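Hello,

Here is the structure I promised to pass on to you. Have a look through it first, and then read on for my notes.

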Amino acid sequence: MAPTPTGNRRTRVHVVSDVHGNARDLAKAGEGADALICLGDLVLFLDYADHSRGIFPDLFGAQNADRIVELRTERRFEEAREFGARLWAGIGSDRGAVIEKAVRRQYAEMFAAFPTPTYATYGNVDMPPLWPEYAGPGTTVLDGERVEIGGWTFGFVGGGLRTPMRTPYEISDEEYAAKVEAVGEVDVLCTHIPPEVPELVYDTVARRFERGSRALLEAIRRTRPRYSLFGHVHQPLARRMRIGATECVNVGHFAGSGKPWALEW
């Protein structure tokens with residue numbers, strides 16, 4: 001944990017989200033900060049900006065990646081699932097084992113790049129059961145939990161809500177709301193997904209509304225944290241806006257920018 005400031009000493013944290021395989025910049029993300037905060041999505045399954053990158057094109061090629069992105073962008077999710085199922089049928093191996101092997105390779109690289117100290121929570125494409133194997137002593141994993149950094153209280157809620165995309169760590173609205181409630185009143189509310197506000201959940205490149213949390217929005221209005229920090233939506237209509245007393249900031253996506261967002265007090 002970063003030391004509590006004494007006298008005139010200030011605390012600075014860097015915040016990233018949606019790392020999606022960018023280990024090179026992640027290794028530098030904590031430079032000049034007392035701590036790094038990561039809001040999930042370490043795994044790169046498919047890069048919507050560069051269809052040649054990720055687990056999917058590694059297995060099936062960029063042309064098939066182009067096709068599945070096209071179907072998903074057009075919200076033809078059933079066709080996308082059928083197309084993906086045909087591709088997986090040709091692999092001849094257990095799908096879960098193949099994905100886990102690829103994710104493990106990425107996690108080994110990502111967690112090795114985390115500086116000390118790092119505070120992290122899961123994204124919707126992450127696989128939480130694997131994290132304990134890779135998180136070293138300098139990395140604290142939090143989900144529905146709080147931690148003090150520099151005299152401020154930070155609350156963490158990981159994962160995403162259920163969608164037709166069926167990504168690995170999607171949970172029910174009720175389970176998500178319970179984690180938000182468990183965090184309670186904090187100075188900084190750190191989540192992977194944004195509160196359910198149209199300007200914050202619409203992705204201008206994917207051309208769709210991602211799922212934000214109504215429970216998170218209600219908690220922000222009720223508990224009035226100084227900041228609500230999140231990622232998940234890579235190219236939102238608005239990266240920053242106020243909800244009452246709370247400054248809401250999209251700190252992603254780190255995969256594209258390679259630059260952390262800085263908070264100092």
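Let me start with a residue at the surface: Arg224 has a relative accessible area of 53%, so it counts as exposed. Please keep in mind that this is a predicted model. Arg224 sits in the loop between α9 and β12 (227-230), and its phi is positive, about 55°, although the residue is not a glycine.

Arg166 is another non-glycine residue with a positive phi, near 55°. You will find Arg166 in the loop between β7 and β8. With 61% relative accessibility, Arg166 counts as exposed.

Next, the cis peptide bonds. One joins Thr116 and Pro117, with omega about 0°. Pro117 belongs to the loop between α5 (95-113) and β3 (118-120). The bond from Gly252 to His253 is cis too, with omega near -5°, and His253 lies in the loop between β14 (246-250) and α10 (254-257).

Now for a helix I enjoyed looking at, α7, which spans residues 173-183. Which of its residues are buried? They are Tyr176, Lys179, Val180 and Val183. Seen down the axis of α7, the buried residues fall within an arc of 100°, so they line one face of the helix. The face turned away from that buried side carries Glu174 and Glu181, both exposed. And what covers the buried residues of α7? The cover includes the strands β5 (145-149), β6 (152-157), β7 (160-161), β8 (170-171) and β9 (188-191), along with the helix α9 (214-223). After α7 comes Gly184, with a positive phi near 70°.

Finally, the interior. The largest nonpolar core has 56 residues, and those with the most contacts inside it are Val16, Val19, Leu26, Leu42, Tyr107 and Tyr176. Among the elements that give two or more residues to this core are α1 (23-26), β2 (35-38), α5, α7 and α9. The largest share, 8 residues, comes from α5. Apart from this core lies another one, of 21 residues, among them Ile149, Trp152, Leu229 and Leu263.

If you want one residue to click on, try Tyr107. Leaving aside residues up to four places away in sequence, Tyr107 touches Leu42, Val43, Ala112, Asp126, Met127, Leu130, Trp131 and Tyr134.

Best wishes

Key: Residues numbered from 1 in each chain as written. Predicted model: local features only at pLDDT ≥ 70, side-chain atom pairs only at ≥ 80, totals over all residues. Heavy atoms only, no water. Buried < 20%, exposed > 50% of the residue type's maximum accessible area, 1.4 Å probe, protein only. Helix = DSSP H or I, 4+ residues; strand = E, 2+ residues; numbered from the N terminus. Arc of directions from axis to C-beta. Contact = heavy atoms within 4.5 Å. Core = buried A, V, L, I, M, F, W, Y, C linked by side-chain atoms within 4.5 Å.
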